[in-house]
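Please read the points below with the model open beside you. They go from the order of the elements to one strand and its partners, and then to one pair of helices.

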Amino acid sequence: MSATADHAEERTNPAARLGFQPEQVVQEIGYDDDVDQELRESIEEVIGSELMDEEYDDVADAVVLWFRDDDGDLTDVLVDATTYIEEGGSILLLTPKTGRDGYVEPSDISEAATTAGLSASKSVSVGKDWSGSRLVTPKAAKSKR
């Protein structure tokens, strides 16, 4: 595939745009009937396998975390999610867009990410009802394993 085709895929495929790569192991947390099925399918297409569910007990390259305002304490959920990812892995935090049930304030996301030891990227639209924030462990941080 040419470099131009790669860039075209990144623009059209939300999973590629979000940084997912072939053969990654991606765990999904917070799945419910309100999630964006197109985004899930897009991620599975890019990684070449199904998303691992919450019962998966090995280390993943990335975590897809669907979170709504009434799902509990975001900091706690993020800390728990970091135990599932490889050092240098990322968490794609997906929250309902403004005005949707379960909307989470950006300041709450930023505060929770910082408290959990993560750095947040800017929010991106990933579907009709969901926004995403890519959270990563700081480069200087070392895994607790």
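1. Read from the N terminus, the elements of the chain follow the order α-α-β-α-β-α-β-α-β-β-β. That makes five helices and six strands. Bear in mind throughout that this is a predicted model.

2. The chain has 145 residues, and buried residues make up 40% of them. Among contacts with a separation of 6 or more, 72% are between residues 24 or more positions apart.

3. Strand β6 covers residues 130–136. How many of its seven residues are buried? Five are, so the strand is largely enclosed by the rest of the structure. The cut-off behind this statement is a relative accessible area under 20%.

4. Strand β3, residues 85–96, pairs with β6 over seven bridges, and the sense is antiparallel. To find this pairing in the model, start from Ser 90, whose bridge partner in β6 is Val 136.

5. Strand β4, residues 119–120, is also joined to β6. The two run antiparallel and share two bridges. Here Ala 120 has Leu 135 of β6 as its bridge partner.

6. Strand β5, residues 124–125, is joined to β6 by two bridges, again in an antiparallel arrangement. Which residue of β6 is the bridge partner of Val 124? It is Gly 132. β5 and β6 form a hairpin, with four residues between them.

7. A general remark for reading the strands: in a regular strand, side chains alternate between the two faces of the sheet.

8. Now the helices. Two packed helices are described by the angle between their axes and by the distance between those axes. For helix α4 (residues 74–82) and helix α5 (residues 106–115), the angle is about 45° and the axes are 8 Å apart. An angle between 35 and 65 degrees falls outside both the roughly parallel and the roughly perpendicular ranges, and α4 and α5 are therefore oblique to each other. Their crossing is right-handed.

9. Which residues make the contact between α4 and α5? From α4 they are Leu 74, Thr 75 and Leu 78. From α5 they are Asp 108, Ile 109, Ala 112, Ala 113 and Thr 115. By type, the residues of this contact divide into five nonpolar, two polar and one charged.

10. To check the note against the model, begin with β6 and its antiparallel pairing with β3, then go to the hairpin of β5 and β6, and finish with the right-handed crossing of α4 and α5.

Key:
Residues numbered from 1 in each chain as written. Predicted model: local features only at pLDDT ≥ 70, side-chain atom pairs only at ≥ 80, totals over all residues. Heavy atoms only, no water. Axes fitted to C-alpha atoms, helices over the stretch in contact; angles between N-to-C directions. Parallel < 35°, antiparallel > 145°, perpendicular 65-115°, else oblique. Left-handed = near helix turned anticlockwise from the far one by under 90°. Contact = heavy atoms within 4.5 Å. Nonpolar A, V, L, I, M, F, W, Y, C, P; charged D, E, K, R; others polar. Buried < 20%, exposed > 50% of the residue type's maximum accessible area, 1.4 Å probe, protein only. Pairing = 2+ DSSP bridges.
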